[in-house]
Every structure is written in C-alpha cells, then in structure tokens.
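Trainee: Could you take me slowly through the place where the two protein chains meet, and then through how the pair sits against the DNA? I would like to follow one thread from start to finish.

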There are 2 protein chains.
Amino acid sequence: MNDSPRRRELTRLAAQLFVQEGFDRTTVRMLAQEMGIKSGSLFHHFRDKQEILCAVIEEGTQNALAIAREALEACASTPEARLHAMARAHLETLLTDRNAHVVALYEWRRLDAESRAHLSHLRDAYEALWQEVVGDALEAGLIHGDKFLVSRFVLGALNWTVRWYDPEGSRTPEELARELIAMITPPAR
Amino acid sequence: MNDSPRRRELTRLAAQLFVQEGFDRTTVRMLAQEMGIKSGSLFHHFRDKQEILCAVIEEGTQNALAIAREALEACASTPEARLHAMARAHLETLLTDRNAHVVALYEWRRLDAESRAHLSHLRDAYEALWQEVVGDALEAGLIHGDKFLVSRFVLGALNWTVRWYDPEGSRTPEELARELIAMITPPAR
DNA sequence: TGTTTACACTAGCGCTTGCTTGGTTATGCT
DNA sequence: AGCATAACCAAGCAAGCGCTAGTGTAAACA
C-alpha cells in the first residue's frame, strides 16, 4: 500500500482528473478508467478515495518544498536574490506540478481530519521558509512591513496566478517573479 | 422564479452550507432542512441545484461591485486614497459577505457553461474597476509595474486573506488595507 | 516444485443522489 | 364568496455512488 512506481503514476493521473472535475465529482470508476483498470482494482493501491486525494496533495507539497530548498542553495546569498529565487521556484512548481497544486488549493477542505493534520505540517514548513526569507529582506531594509503579513500577501499573489497565468503566453515564470519582487521593493536602490 | 425576499433568504442560507460542506457535498435535502422546508419545495424557488449556486455567486459579486463603487465616490480623489478605498472595500465585503465570496472563489468551476458566462461579465466589470484605479496610481508614479499584473497580484493577495484572516483578531480591514498599500508603494513620497 | 506476492478481474450490496409527481394549504385580490 | 397564486408536502423513481468479496493469473522466490 506504500509508494510503488505504479502508485506514483496513478497519483499523477488522479491529480489531472481532480482538476478537471473536482474531487467530489470524480468517481472511482472514472479514476479507474483513466488508469486503464477496473474500479475494484483501484483499492489494491489505495485504501479509499480519501487516500488518493491525500497522496496527490502530499506529493505536490513535498515537491514544492524540495524545489524551494534547492533554489535557495543555488542562488546568491543576498536577501534580494533569495526572495527572487523563492518566487521563481514557487511559480515554476505551480507550472510543472500544476495539477497537484490546483488540487491542494481548491480541494483542501475535502481532506478528513487526520490527513489534514498530517499535511498541515508540510505546508507550515513551506510557509516558514517564506517567512524566513521575507524576514531577512525586512532586516536588510529591502522591503517594509510585517513579516507574516508580507509573506501571506506574496503567497496569495503567487497562488492566484493559477487563475490567470497562461504558460503559452509571452511571460516566463522568471519574468513574473521579477515583476512581483519589483512591485514590493522601492525602485531606487 | 425570479427574486422574492424569500429567495434572498434561502440564497444566504445556501451560501453558508456551501462554505461548510462544499457545493457537491451539500445535498438538496440538507439545503431544504436548513431552510425549514422539504426537499421538494426547494424546486419551487430554484429551477435546479445549479441555479442556487449561481444565485449565491451573483449576489456576492454584485454586492462587491456596488460597495467598491460607493467607496470610490466617498473617498478623496487622489490615486493613493482611491487605491486604499478599493482595498478596504474589498476586505470589508470579504468579511460581511464572506460566505458568498468563499463560494465564488472555491466553487466557481462547478458552474455550468451558461452560468459561468453570465457571471464572468460581472467579475470582469469588477476587475476593470481595479485596473482603472491601479492604472491611475501608475501614471501618478505612486507605484510601478504593469497595470494588469499589479491588479492581479493585489487581487490575489486580497483574496488569499480568506484563508488566514481572523476577524476576531487584532487587525481591522482598514489596517490590513493600509499595510498592503504600504507594501507596494515606496516609503518616501 | 510448491508457495507467496502483486495486480487485476467480475459481480453486486446498500445507500444516496437530484429531481419529479400529484396533491394540499395559506394568503390576498376582486 | 369565488378564485388565483404562491408555498409547501409526502412519496418515490432512476441513476449513480463508494466500497467489498471472492477469484484468477503471472511472475518472483524458496
């Protein structure tokens, strides 16, 4: 019941369906068909439908966390570079792992109590990373305001992009990140 | 089938249930019970379940639009005052009409094609208002960046507040609006 | 060679869903 | 008084839901 390569693949397919139809409207039969098996076979890989949702969100969040940490290690250590790296990493995960993140954003409330508690820790770790980077930028005088408030405003702006951002359009995540950081930092430095 | 006072009341109750349970998990029987009638009677007021969702979102959006327009008329005509008035109005609607807005944010995709088309116009009108105010602030040199991009970033930051903002907490919408505007405007003016 | 393990199948149980039907009661106008 | 209309109810249909039980099969291991 733990994670096999097959389960990974199924989780990816499930994420896609959850985005298209929403969690509640996605039936186990639809999931099974998309996976090329019968509905009964699905419960060999997942205990119940809830566990599929949990798996989708967990993988998405874990990827986001990993990518953010890599980005921080790879970039320069100036507060501005770190801020930019975080924003860019966030936007890139939002694209490469789009389905999982849309599910995490829109179907969070369908999680039962224990799944939610488990995943909350992951999400909190990610937000703590943001607060750390934002805090450093504040101390350096790069931006101004309250650490938690700024973190939340920025995360909101970034997450909202899934509503309007078109990957086929002219802007890259790199540019988008730069424009966001430019918006909250004074023009003359 | 059009809007009676009773229908208004029912719409308000529906919004509350949709927030608690989500649209798909809210059954017509739950709706009816909350309204103090039997499930069959529900279809005297609404053609089908979809129409209830549509009514909830329509009223929320129309209120937001009205309140934003009032706020703009009531405030000073400087770009900064107008920006602040819009942010504050948005946060206040998000509070007073919280249920309807949460539904609009999270259950938008459950709308069928025609409802969505109808409501898109309302939403576009609201966003156009923001773009106008942001555009003026840009021309006045108050903020910098792209008109559409800034509008979307700001709207994202504001809408995200429904995830974390606690009305019982120490911050008022007024303060929150001020802090957001401060974040995107250079400190020295 | 015999046994285990992983994965899939068929069949269907018990329950809930949105919505309809056909009829009853309350309100208010003429 | 007579009538129209709005609001409601009890009962239930057809479809679909998540999930279970029991079985088959092919590869991996002893």
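Mentor: Let us start with how the two copies are related, keeping in mind that this is a predicted model. Chain A can be laid on chain B by a turn of 180° with a shift of 0.0 Å along the axis, and the RMSD of that fit is 0.1 Å. Such a turn without a shift is the relation of a two-fold axis. The interface fits this picture, because 100% of the interface residues of chain A are also interface residues in chain B, so the copies meet through the same surface.

Now consider the contact itself, to which chain A gives 39 residues and chain B gives 39 residues. The size of an interface is often given as the accessible area lost when the parts come together. Here the area buried between chain A and chain B is about 3500 Å², and carbon and sulfur atoms give 62% of that area. Three residues deserve your attention when you look at the side of chain A: Phe153(A), Trp160(A) and Met183(A) supply 22% of the area that chain A buries against chain B, which is more than any other three residues supply.

There are polar and charged pairs in this interface too. Across the interface of chain A and chain B, six salt bridges are found, and one salt bridge joins the side chains of Glu107(A) and Arg110(B), with 3.2 Å from N to O. Across that interface there are also 11 residue pairs in polar contact, counting pairs in which both residues have pLDDT 80 or more. As for where the contacting residues lie along the chain, the elements that give two or more residues to the side of chain A that touches chain B are α1 (5-21), α6 (98-106), α8 (147-160) and α9 (173-184) of chain A. Of these, α8(A) gives the largest share, nine residues. Sorted by kind, the residues on that side of chain A are 21 nonpolar, seven polar and 11 charged.

With the protein pair in view, turn to the DNA, beginning with strand C. Around DNA strand C there are 16 residues, of which Lys38(A), His45(A), Thr27(B), Arg29(B) and Lys49(B) come nearest, so to speak from both chains. Sugar and phosphate make up 56% of the atoms of DNA strand C that come within 4 Å of the protein. Among the contacts with phosphate oxygens of this strand, a backbone N or O atom of Lys38(A) lies at 2.5 Å, an N or O atom in the side chain of His44(A) at 3.3 Å, and a polar backbone atom of Val28(B) at 3.0 Å. The elements that give two or more residues to the surface near DNA strand C are α3 (42-45) of chain A and α2 (28-35) of chain B.

Strand D can be read with the chain letters in mind. DNA strand D is surrounded by 16 residues, and the closest are Thr27(A), Arg29(A), Lys38(B), His44(B) and His45(B). Of the atoms of DNA strand D within 4 Å of the protein, 59% belong to sugar or phosphate, while the rest belong to bases. A phosphate oxygen of DNA strand D lies 2.9 Å from a backbone N or O atom of Lys49(A), and another such contact, at 3.2 Å, involves a polar side-chain atom of Ser41(B). For DNA strand D, the elements that give two or more residues to the nearby surface are α2 (28-35) of chain A and α3 (42-45) of chain B.

Key: Residues numbered from 1 in each chain as written. Chains lettered and ligands numbered in written order. Predicted model: local features only at pLDDT ≥ 70, side-chain atom pairs only at ≥ 80, totals over all residues. Heavy atoms only, no water. Near = heavy atom within 4 Å. Polar contact = N/O pair within 3.5 Å; in protein donor to acceptor, adjacent residues only side chain to side chain. Helix = DSSP H or I, 4+ residues; strand = E, 2+ residues; numbered from the N terminus. Contact = heavy atoms within 4.5 Å. Buried area = accessible area lost by both parts, 1.4 Å probe. Salt bridge = Lys/Arg side-chain N within 4 Å of Asp/Glu carboxyl O. Nonpolar A, V, L, I, M, F, W, Y, C, P; charged D, E, K, R; others polar. Least-squares fit on C-alpha atoms with pLDDT ≥ 70 in both.
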